[in-house]
Structure formats: C-alpha cells, structure tokens
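Trainee: I am new to this structure and would like to learn how to read its pockets, its ligand and its backbone. Could you walk me through it?

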Amino acid sequence: MAQKRRVPFFELRKQYGQLSQQIQAKVTQVLESGWYILGKESEKFETEFAGFLDCKHCIGLNSGTDALELALRCLGVGEGDEVILPSHTFIATAMAVTKVGAKPVFVDIDEHYQMDIDQAEKMINKKTKAIIVVHLYGLSGNVKRLKSITKSHKIFLVEDACQAHGASFEGKKLGTFGDFGCFSFYPTKNLGAYGDAGALVTDSPKLAEKARLHRNYGQIVKYKHEFVGSNSRLDEIQAGILSTKLKFLPQWNKKRRMLAREYDLLLSDISQIVLPPIADGLDPVYHQYVIRAQQRDSLQKYLFQAGIDTLIHYPIPIHKQKAYRHYNRQKLPKTESAVKEILSLPIYPEMSPDDVKYVAKTIREFYA
Ligand SMILES: *Cc1c(COP(=O)(O)O)cnc(C)c1O
C-alpha cells in the first residue's frame with residue numbers, strides 16, 4: 001500500500017513554529033538578564049502553575065523523575081518502608097522508590113488501565129508508607145476514593161501526574177489530591193519545555209519549604225545547609241518557555257479532547273478494538289489515545305506501512321523488567337494481558353481532524 005500521507009506520532013516543530021516569536025523573545029530576554037537558574041522566571045512560572053492547578057505551592061525542578069524522588073524524600077520515605085504503585089507505568093515511577101531505598105510493591109490495573117484501588121488497599125501493611133498513583137495517559141481512576149483510603153490508613157498519597165497536566169476529577173485538578181503532585185515537562189508532555197524540567201505541587205507550606213531546600217543542596221541561606229539535599233533546580237530559560245506555553249495549555253488540551261472524540265466516533269463500531277475507557281467524574285487530557293486491539297502487532301505494522309506511527313505505552317511492565325528482576329515471577333494478569341493489546345495512536349494539538357480520519361480509515365481497512 002503505497003501512500004504518500006504521513007502521520008507522525010508527534011510533531012513538536014509545528015508547535016514551535018506557531019510560538020517561535022514569543023519563545024525567541026523570552027529566551028533572548030533571559031540570556032540578556034545575566035541570571036540563569038532559580039530567579040524571576042522560575043518564581044513566575046511556579047506561581048502561574050500553582051494558580052492553573054488551584055493549589056498553594058509549586059516547586060520547579062529538573063525533571064519529573066526528580067519530582068517523584070524528592071516527594072518521597074520530603075515525606076521521609078526510605079529504607080525499610082514499602083511504597084505501593086502500579087507496574088503498568090513508565091519506569092521512573094518505580095525507580096524513584098528504589099532510589100530512596102524503599103521497597104516497591106506492584107499492583108495490577110483496573111479496566112481503565114489505572115492502578116486497581118481495591119488491590120492497592122489490600123497490600124497496605126505496617127511497613128507501607130505511601131501509595132503512588134499514576135494518572136496514566138492523562139486519565140485517572142477514582143482518586144478521591146484513593147485519597148480517603150490513604151487518609152484512613154495514615155499513609156501518604158503521591159500523584160504521578162507527569163501525563164495529566166490540566167486533567168481533573170470531579171472538578172479538582174489531578175496532582176492536587178495527594179500530599180505531593182509530581183509533574184514532568186519533558187518536551188512531549190502536554191506541557192513541555194525545550195529540555196528537561198519538572199515540578200512538585202503541594203498545599204502544605206512545610207512540605208513546600210522542605211522541597212525548596214532539597215532541590216538546592218538543603219541550603220537555607222547561602223552556604224548554610226540544613227540536610228543533605230540534591231541539585232534539582234529549574235532553569236530560567238525553561239521556566240520562561242513554560243510560562244509562555246502554559247497560556248496555551250487549556251486550548252491544547254481542548255484540542256486533544258476534540259481529536260479523541262473524533263477517534264471515538266470513527267472507531268466505535270469496530271468490534272476488534274476497545275476505545276479508551278473514561279472513569280465517571282474524570283475530565284481527561286489524552287496525553288495518549290490508547291486503544292486495545294486484536295492482532296495488535298499486525299495492525300501496528302499495517303499502520304506503519306500506511307505512513308502512520310504508533311507506539312506502545314508500555315510494552316514491558318516494570319515487574320517484568322531486567323532492572324526489577326527480583327519481581328519477574330510476580331503475576332499481574334490484567335497488566336500482562338493489556339500490554340499485549342494496547343496501542344497508542346497519534347494525538348497532539350497540531351494534528352488535523354483529517355489525519356484522525358485517515359488513521360481511523362486505515363484501521364477499518366485492516367480489519368475489513
Ligand atoms: C515522563 C514521565 C515521568 C518522568 O519524567 P521525566 O521528566 O522524563 O523525568 C515519570 N512518570 C511518568 C508517568 C511519565 O510519563
């Protein structure tokens with residue numbers, strides 16, 4: 001099938017093209033200011049992002065991975081502690097737990113690809129210090145219910161909201177339910193920098209202060225160090241870029257929802273695939289549009305030959321990774337069967353509805 005049409009998985013240059021003047025002006029302004037790490041731009045972005053989420057504090061960091069690790073450190077999670085999390089997530093969620101010296105306890109997923117809350121609750125014991133819930137694909141489960149479970153067991157709730165900028169559950173933004181919300185601004189995220197960046201959000205002034213010290217060597221005033229911290233600071237260029245882009249995030253998320261609706265409409269009658277399931281109360285942001293497909297690998301190949309790029313998020317669950325070989329014998333049946341069938345279709349704000357039509361038409365052809 002020789003088609004000229006190409007649908008890339010994402011197209012970051014298109015978005016840059018639309019914003020290049022504003023971005024270049026901002027970058028130049030920072031370069032000429034002579035101040036490059038933690039300054040006016042970082043403070044401005046932190047205030048704006050906290051305002052966007054409607055929470056009290058935002059702490060700009062180097063990455064989403066650091067956000068997860070610092071969240072656990074600030075909550076005092078470490079050696080001898082257990083942290084419950086899904087296995088069906090990006091590896092960084094688990095590595096944060098391992099890096100602070102705690103033990104990851106992996107649980108299975110529900111029908112929305114999100115952590116099975118009932119199973120997570122059953123795993124809570126005396127050693128459990130925290131649960132990390134991951135709002136995978138820009139979707140979520142019932143995070144309100146999870147919050148009340150962690151509260152009643154007196155353990156911490158950390159939200160990995162690295163794929164969920166702007167999504168909300170029952171009107172409250174994801175990332176603001178837990179003791180900490182963790183965000184990544186990796187370039188392909190719904191809000192992406194032009195380099196690495198991340199943030200923590202919290203309503204607790206004490207935790208916010210601790211995180212601020214932690215990202216800067218535990219330094220309280222110059223050369224006075226309260227505890228052993230790290231270097232995980234947001235730089236002024238990335239902060240300025242993020243401020244510039246944050247204004248567009250609501251419309252970009254709206255566009256993603258529109259494209260998702262288009263996919264839903266065009267694919268709903270194909271019996272060999274399952275559309276993304278959306279929990280009651282959730283307003284999703286479709287970081288990914290993930291279908292479950294029969295003959296997934298052949299479908300992926302067929303789409304590729306038609307010029308359509310797709311990805312699998314994620315092909316190997318964490319408990320089956322070599323990095324976590326001690327867990328390889330654990331059985332998480334729903335996770336293990338999902339990873340054989342899931343397929344992420346292209347979705348990004350700059351994608352045209354015609355591209356969606358072409359993808360849907362090609363999927364239909366494959367099953368015909
Ligand atoms: C991207 C991502 C991370 C890591 O963020 P980085 O900024 O790349 O370190 C963590 N968890 C999830 C679910 C992610 O998607």
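Mentor: Gladly! Let's begin with a definition: helices are DSSP runs of H or I with at least four residues, strands are runs of E with at least two, and both are numbered from the N terminus. Keep in mind as well that this is a predicted model.

Trainee: With that numbering in hand, which helices each supply at least two residues of the shell around the ligand?

Mentor: Helix 3 and helix 4 each do so. Helix 3 has the largest share of that shell, with 3 residues.

Trainee: How many residues are around the ligand, and which come nearest?

Mentor: A residue belongs to this group if one of its heavy atoms lies within 4 Å of the ligand. Here there are 14 such residues, and Gly 64, Thr 65, Asp 160, Ser 184 and Lys 189 come nearest. By class, the shell divides into 5 nonpolar, 7 polar and 2 charged residues.

Trainee: What should I look for in the polar contacts of the ligand?

Mentor: Look for pairs of N or O atoms within 3.5 Å. Three side chains make good examples. Thr 65 has a polar side-chain atom 2.5 Å from an oxygen atom of the ligand. For Ser 184, an N or O atom of the side chain is 2.6 Å from a ligand oxygen atom. Asp 160 faces another kind of atom: one of its polar side-chain atoms lies 2.8 Å from a nitrogen atom of the ligand.

Trainee: How much of the ligand's area does the protein bury?

Mentor: Taken alone, the ligand exposes 380 Å², and the protein buries 92% of that.

Trainee: Where does the ligand sit?

Mentor: A molecule sits in a pocket if more than half of its atoms lie within 2 Å of the pocket's grid points. In this model the ligand sits in the largest pocket. That pocket holds about 610 Å³ of space. Its lining has 37 residues, and those nearest its centre are Gln 163, Tyr 186, Thr 188, Lys 189 and His 287. Helix 1 (12-33), helix 3 (64-74) and helix 4 (91-99) are the elements that give two or more residues to this lining. The largest share, 3 residues, comes from helix 3.

Trainee: What classes of residue line the largest pocket?

Mentor: Its lining has 16 nonpolar, 14 polar and 7 charged residues.

Trainee: And what is the volume of the second largest pocket?

Mentor: About 330 Å³. It is lined by 14 residues, with Leu 38, Arg 212, Asn 216, Gln 219 and Arg 233 nearest its centre. Helix 7 (205-214) and strand 10 (219-221) are the elements that give this lining two or more residues. By class, the lining of the second largest pocket has 7 nonpolar, 2 polar and 5 charged residues.

Trainee: How does a cavity differ from a pocket?

Mentor: In a cavity the probe fits but cannot get out, while a pocket is open. The count here is 1 cavity of 30 Å³ or more. About 50 Å³ of space lies in the largest cavity. Its lining includes Asp 110, His 135 and Leu 146, and the lining residues divide into 5 nonpolar, 5 polar and 1 charged.

Trainee: Finally, how do I read the backbone?

Mentor: Start from the general rule: most residues other than glycine have a negative phi, and most peptide bonds are trans. Now look at Tyr 217, which has a positive phi of about 60 degrees although it is not a glycine. Tyr 217 is placed in the loop between helix 7 and strand 10. Then turn to His 313 and Tyr 314, which are joined by a cis peptide bond with omega about 5 degrees. Tyr 314 lies in the loop between helix 10 (296-305) and helix 11 (333-338).

How values were computed. Residues numbered from 1 in each chain as written. Predicted model: local features only at pLDDT ≥ 70, side-chain atom pairs only at ≥ 80, totals over all residues. Heavy atoms only, no water. 1 Å grid on protein atoms, 1.4 Å probe; cavity = no way out; pocket = protein on both sides within 12 Å on 5 of 7 lines; lining within 4 Å. Points joined across faces, edges and corners; volume = space filled by probe spheres on them. Nonpolar A, V, L, I, M, F, W, Y, C, P; charged D, E, K, R; others polar. Polar contact = N/O pair within 3.5 Å; in protein donor to acceptor, adjacent residues only side chain to side chain. Areas by Shrake-Rupley, 256 points an atom, 1.4 Å probe, with all protein chains shown as cover.
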